[in-house]
Amino acid sequence: NTNDQFFLDNRMELFIDLVKDENGEWKIYDLTYLDVEFLVSEEVLTADADIDANVENAILGAVEANFEATAAEDLEGLMATIDPESPAYDDTAESYGIIFLLFDFKYEMEFVNVITVTDTEAFVYTEQTMKKVDGPMVDDMRTKTVHKLKKQEDGSWKFYTSYPIATEPLE
């Protein structure tokens, strides 16, 4: 990114399917994303931003509500923190419904930082751990994620999409 807007620079691994058109020219027919690596420094993720305290508190309140609903396995409460216009809204409801049914996890928020805010969107970096208490075999892990939140018409903030930066197994 070169224009001062917040963007997660990235490196993608793609499978590109090409076909010749009726004129014999190669055209992209399909793209399959195999992997994405976000190229953002720890300094950018953790730096203090110059943000109005009331706006920052509202955003952090939305992050806390999302975290608490997840930790309490409260699907309705969790979905209340997600923007209904999010392309991941239905998938989030379905996947967390299954997770809450199959597993019991202990979550810990280790770090949270509001990276940047505009009038309509915010980017927040979180580091949290997830330790299995009960359920099928899964590794305990630490996740580092950048979340994009959108401001709602009522002035509240809701999660729109999340970008996993790193996942590390815990020992």
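## Buried aromatics

A residue counts as buried when its relative accessible area is under 20%. In this predicted model, Phe 103 and Phe 105 are both buried.

By the ring-centre rule, the count comes to four aromatic pairs. One of them joins Phe 103 and Phe 105: their rings are stacked, with 5.1 Å centre to centre and 20° between the planes. Add Tyr 107 to those two phenylalanines and you have one aromatic cluster.

## A lysine over a ring

Tyr 160 has a charge for company: the charged end of Lys 150 sits over its ring, 4.2 Å from the centre.

## The nonpolar patch

Now for the surface. Met 12, Leu 14, Ile 16, Leu 18, Trp 26, Ile 28, Leu 31, Tyr 33 and Val 36 make up a nonpolar patch there, and together they have about 880 Å² of accessible area. Strands S1 (10–20) and S2 (26–38) each put in at least two residues, with S2 giving the most, at five.

Take Trp 26, which belongs to strand S2. Its relative accessible area is 55%, so this tryptophan is classed as exposed, the cut-off for that being over 50%.

## An unusual backbone angle

Most residues other than glycine have a negative phi. Glu 73 goes the other way, with a positive phi near 55°. You'll find Glu 73 in the loop that runs between helix H2 (53–71) and helix H3 (75–79). Its relative accessibility is 28%, so Glu 73 counts as partly exposed.

Methods
Residues are numbered from 1 along each chain as its sequence is written. This is a predicted model: local features need pLDDT of at least 70, side-chain atom pairs count only at pLDDT 80 or more; totals for chains, interfaces and linings use all residues. Side-chain values use heavy atoms; hydrogens and water are left out. Helices (H or I, at least four residues) and strands (E, at least two) are DSSP runs, numbered from the N terminus. Buried means under 20% relative accessible area, exposed over 50%, partly exposed in between (1.4 Å probe, protein chains only). Rings of Phe, Tyr and Trp (its six-membered ring) pair if their centres lie within 6.5 Å; planes under 30 degrees apart count as stacked, over 60 as edge-to-face and the rest as tilted. A charge sits over a ring if NZ of Lys or CZ of Arg is within 6 Å of the ring centre and within 35 degrees of the ring normal. Patches are made of residues with over 30% relative accessible area and no salt bridge: like charges are joined within 9 Å, nonpolar side chains (Val, Leu, Ile, Met, Phe, Trp, Tyr) within 5 Å. Accessible areas come from the Shrake-Rupley method with a 1.4 Å probe; for residues, only the protein chains shown count as cover. A salt bridge is a side-chain nitrogen of Lys or Arg within 4 Å of a carboxyl oxygen of Asp or Glu.
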